[in-house]
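Please find below my notes on the two-chain model that you asked me to look over. They are set out as numbered points, to be read beside the coordinates.

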Amino acid sequence: MKILYSCALAVLVIRLSAPPSAFAHQGSESWRVSVVLQPEFPSGYLTNLNKELVYPSPGAAVLKRGLGVGDVVEVLPGELSTLRPSHVDIAVSNFGIKRQVLGTGILRFDSDGRAEAILRFPIELDNAPKIEQITKLKDTRKPARPLYEITFLNPSSEQINISWLKVRRIFWNGGACMESGANRPHFSFKVQVYGNRVVGRLSQERPQKDSVSYQVKGFYIAYCEGQTIEFEGPFNYPIEAHERLYLRLSFVGGIGNLSHFEQILFRATQDIEFAFNNSLALSLPLPFSAATPP
Amino acid sequence: MLPRGISTLYASYLAKDENECEVRKARKTNFLSAIVAVFAGITSIATFVNQLTPTFTGLVDFRVRNILSLAFLASIMGLCVYIMSSRHLCKSAFIGQEIGHFNYSRTRRIVAFYSSVLALAAIAVALSDFRYWFGVDGPIQGRVIDVSGHPVAAAVVDAMNRDDRSVCQSPQRTVSNGGFVLDLEPTRGHAAYFTVKATKCELRQPITTPMLNFVSRKDNPNENSILLRLSCPGD
């Protein structure tokens, strides 16, 4: 009986006096956590996510870009600690989207010390610029050029910059490039921009002043393979805080102008993509049918 | 041993009744009964308060409080039993035989009985505190939602022992979907409460389900998840 009491007392003393780490479940063996990020963007929006390690704290672990399909990051032991974490929290952020902290939940490590987690999460916009309307106008000039009017809104309290423009045409029923592998497209074009900026606070009225005329230069074929051809180039046009911006884009050349014949024959579609502040991209299909200009 | 010690202690307060039997002097026995009743009440109430509120946290370790409480209550129980059951033999002047007398009057024995019932209930409560002595090992996970069911992000979640001290390696902030993972530290005792501190409100929720149900272990991949509901809108 005395031996039994002694053992119980010894267990009690050890449990009460041992340092917390002595009973931690984590081992100090090497480990690696792969996290696959699967963001679900609102329709038309796309951006690269800035990733930041929240847990384990930086120093205890490091975040590195991982290999694999999609947006993969790897969390590795840091210099200060090699303790295997029970979970990993990663913050994602960028211009125009709400900062989110994503948690993997409890991780399960295999015998090699590897753990994987897939994080699927919706992206919430945060004062992101919008394209409120995009309309194809009838151009009365000869020869007629494709003319589009696009209404931007900057709901944020800071000036933003339309930094990049990309035009993409996809031929669902034929090739986009002249010769396979030669990267020579059917089309070449340039873009002329006529801007009208609404100076008032989110006013619906269009002032006639403060108009600009702008020609996009430096467009190049970013991608031309198979059925897809993409032109892109720097755009660099500011939108002041809480302002609307009306831009008219006139395409000189073939990319904007899909004839009725082409539409039917190639079932071609085209869309336009703007990048804001060199990060947040917003794409919309260019309409085929023209409206009367106001 | 205890009744004999007390009997010796109070031997100087003996008096003789009308049957020439030795009984306790009324003033002294009243005092003893009152002390027993008051101690029983105070200790029991303290035990209940200790169980229900964090009033005594920070004074001494909850394990020490537990032991002290049980020791007091056990002493009170002993005294109560002694008062209720102690007798002495006395030769009756009328029948010429020795008959048994209770040492204490009926009223005092009734008081001692009720005191013992209270002390017994308090002992049961104090014994239940033993479940908080030793914690469990491993991570637990859960989510925090507000009254409308929306996840509460950036709230600080912790699990506390009976001393209002964390039983986790560190408190955790909930992620955007309200999720959290806590790494339990078994040496700090068993979790008694979850605490959630959001910007607009706080939650202190007793743990009603055994913590082992939630702890993730290698051989138990089907761990449960905790759902903590804030009773006010989240951030």
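The points below take up confidence, domains, sheets, backbone geometry and the contact between the chains.

1. Basis of the note. This is a predicted model, in which local features need pLDDT of at least 70 and side-chain atom pairs count only at pLDDT 80 or more, while totals for chains, interfaces and linings use all residues. Residues are numbered from 1 along each chain as its sequence is written, and chains are lettered from A, with ligands numbered from 1, in the order in which they are written.

2. Confidence in chain A. The average pLDDT of chain A (the predictor's confidence in each residue, from 0 to 100) is 77, and 68% of the residues score at least 70. Residues 14–27 of chain A fall below a pLDDT of 50, and this stretch has 15 contacts in the model beyond near neighbours in sequence; two residues are in contact here if their C-beta atoms, placed from the backbone, lie within 7 Å.

3. Domains of chain A. The assignment for chain A gives domain 1 (27–122) and domain 2 (130–291), with bounds that come from an automatic or database domain assignment. Between them, 8 residues of domain 1 of chain A are in contact with 8 residues of domain 2 of chain A. The domain 1 side of this contact has 3 nonpolar, 5 polar and no charged residues, where Ala, Val, Leu, Ile, Met, Phe, Trp, Tyr, Cys and Pro count as nonpolar, Asp, Glu, Lys and Arg as charged, and the others, Gly among them, as polar.

4. The open sheet of chain A. Six strands, here DSSP runs of E of at least two residues numbered from the N terminus, form an open sheet of chain A in the order β2-β20-β19-β11-β17-β16, with antiparallel pairing; two strands pair if DSSP finds at least two bridges between them. Its edge strands are β2 (45–46) and β16 (220–225) of chain A, each of which pairs on one side only. Within the sheet, strand β11 (residues 160–171) of chain A and β19(A) are antiparallel over 9 bridges, and Lys166(A) has Glu273(A) in β19(A) as its bridge partner.

5. A hairpin in chain A. Strands β4 (residues 61–65) and β5 (residues 71–77) of chain A pair in the antiparallel sense over 5 bridges, with Lys64(A) opposite Glu74(A) in β5(A). There are 5 residues between the strands of this hairpin, and Gly68(A) takes a positive phi near 140 degrees there.

6. Backbone geometry to inspect. The peptide bond joining Tyr55(A) and Pro56(A) is cis, with omega about 0 degrees, and Pro56(A) lies in the loop between β3 (50–55) and β4 of chain A. Asn127(A), a residue other than glycine, has a positive phi near 55 degrees and lies in the loop between β8 (114–122) and β9 (130–137) of chain A. Asn277(A) likewise is not a glycine and has a positive phi of about 50 degrees; its place is the loop between β19 (268–276) and β20 (280–285) of chain A.

7. Domains and burial in chain B. Chain B has 4 helices (DSSP runs of H or I, at least four residues) and 11 strands, and is divided into domain 1 (2–132) and domain 2 (138–229). The contact between these domains takes 8 residues from domain 1 of chain B and 7 residues from domain 2 of chain B. Of the 235 residues in chain B, 35% are buried, that is, have 20 or more other C-beta atoms within 10 Å of their own, against 12 or fewer for exposed residues and partly exposed in between, with C-beta atoms placed from the backbone.

8. Helix α4 of chain B. This helix has 23 residues and reaches 33 Å from its first C-alpha to its last, close to the 33 Å expected at 1.5 Å a residue, the expected span being 1.5 Å times one less than its number of residues. Its buried residues include Arg108(B), Val111(B) and Leu118(B). Tyr114(B), also in helix α4 (residues 106–128) of chain B, counts as partly exposed because it has 14 C-beta neighbours inside 10 Å.

9. Contact between the chains. The contact takes 15 residues from chain B and 15 residues from chain A. On the chain B side, β5 (138–145) and β8 (179–184) each supply at least two residues, and that side divides into 6 nonpolar, 6 polar and 3 charged residues.
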